[in-house]
Amino acid sequence: GEEEIRAADVMRISTRNMLSFQETTEKARKSGSDAASSETEGILGIQEGLLKYFAQPHPDADHDSRQAQLKVLRMRQDLFREQGMISLVLGTTEHVERLRK
């Protein structure tokens, strides 16, 4: 349905940007360029967006709304896990940390 299409779009865009980030910053690091810092800010924005995408429902939401949101959240988590996105996000986070050292 609509949520699966949205999740697929989020995964596709996130994957493309994270892989590009890792490739671009690795090339910059090898060439001694400082381009990695501007790239890092962009990828941190993507990761922040993912955190919001996976946020828990508001605790004040009514029970039915909260249950529906939790069901969607579980579906998102399952899709991301099945597609290996969790490993990609963790790998990108580790890459950012290496760049900051």
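What pattern does the protein chain follow, read along the sequence? The answer is α-α-α-α. This is a predicted model, and its protein chain has 4 helices and 0 strands. With a radius of gyration of 16 Å, well over the 13 Å that the globule rule gives for 101 residues, the chain is more spread out than a compact globule.

**The overall picture**

Take the principal axes as your frame, and the C-alpha atoms of the protein chain fill a box of roughly 55 × 25 × 15 Å. Buried residues account for 26% of the 101 residues. On the outside, the protein chain exposes about 6900 Å², and carbon and sulfur atoms supply 52% of that area.

How do the contacts run along the sequence? Count the contacts between residues at least 6 apart in sequence, and 71% of them join residues at least 24 apart. As for charge, the protein chain carries 15 positive and 17 negative charges, and the mean positions of the two sets are 4 Å apart.

**Glutamate 3 and arginine 76**

Now for a pair worth zooming in on. Glutamate 3 is in helix α1, which covers residues 2-31, while arginine 76 belongs to helix α3, residues 63-82. Their side chains make a polar contact at 2.7 Å.

Is arginine 76 buried or exposed? Its relative accessible area is 12%, so arginine 76 counts as buried. Setting aside residues up to four places away in sequence, arginine 76 touches Glu3, Arg6, Tyr53 and Phe54. Glutamate 3, with its own neighbours within four places left out, is in contact with Tyr53, Val72, Met75 and Arg76. Tyr53 therefore turns up in the contacts of arginine 76, and Tyr53 is also in the list for glutamate 3.

**Along helix α2**

Helix α2 spans residues 36-53, and isoleucine 46 lies in it. Beyond residues up to four places away in sequence, isoleucine 46 touches Ser14, Asn17 and Met18. Glutamate 41 is found in helix α2 too. What does a relative accessibility of 53% make glutamate 41, buried or exposed? The cut-off for exposed is over 50%, so glutamate 41 counts as exposed.

**Out at helix α4**

Helix α4 takes in residues 85-100, and isoleucine 86 is found there. This residue is partly exposed, with a relative accessible area of 42%. Which residues does isoleucine 86 touch, not counting those up to four places away in sequence? They are Phe80 and Arg81.

**Sequence gap against distance in space**

Here are some residue pairs, with the spacing in space given C-alpha to C-alpha.

| Pair | Apart in sequence | Apart in space, C-alpha to C-alpha |
|---|---|---|
| Isoleucine 46 and aspartate 64 | 18 residues | 30 Å |
| Glutamate 41 and alanine 68 | 27 residues | 33 Å |
| Isoleucine 86 and glutamate 2 | 84 residues | 22 Å |

Put in words, isoleucine 86 and glutamate 2 have 84 residues of separation in sequence and 22 Å in space. For isoleucine 46 and aspartate 64, the figures are 18 residues and 30 Å.

**Back to the whole chain**

To wrap up, the picture is of a chain with 4 helices and 0 strands, with the buried arginine 76 in one of those helices and a side-chain polar contact joining that arginine 76 to glutamate 3.

Notes:
Residues are numbered from 1 along each chain as its sequence is written. This is a predicted model: local features need pLDDT of at least 70, side-chain atom pairs count only at pLDDT 80 or more; totals for chains, interfaces and linings use all residues. Side-chain values use heavy atoms; hydrogens and water are left out. Helices (H or I, at least four residues) and strands (E, at least two) are DSSP runs, numbered from the N terminus. The radius of gyration is taken over C-alpha atoms; the globule rule is 2.2 Å times the number of residues to the power 0.38. Buried means under 20% relative accessible area, exposed over 50%, partly exposed in between (1.4 Å probe, protein chains only). Contact means heavy atoms within 4.5 Å. Accessible areas come from the Shrake-Rupley method with a 1.4 Å probe; for residues, only the protein chains shown count as cover. Lys and Arg count as positive and Asp and Glu as negative; His and the chain ends are not counted. The place of a charge is taken as NZ of Lys, CZ of Arg, CG of Asp or CD of Glu. A polar contact is a pair of N or O atoms within 3.5 Å; within protein, one must be able to donate a hydrogen and the other to accept it, and residues adjacent in sequence count only if both atoms are side-chain atoms.
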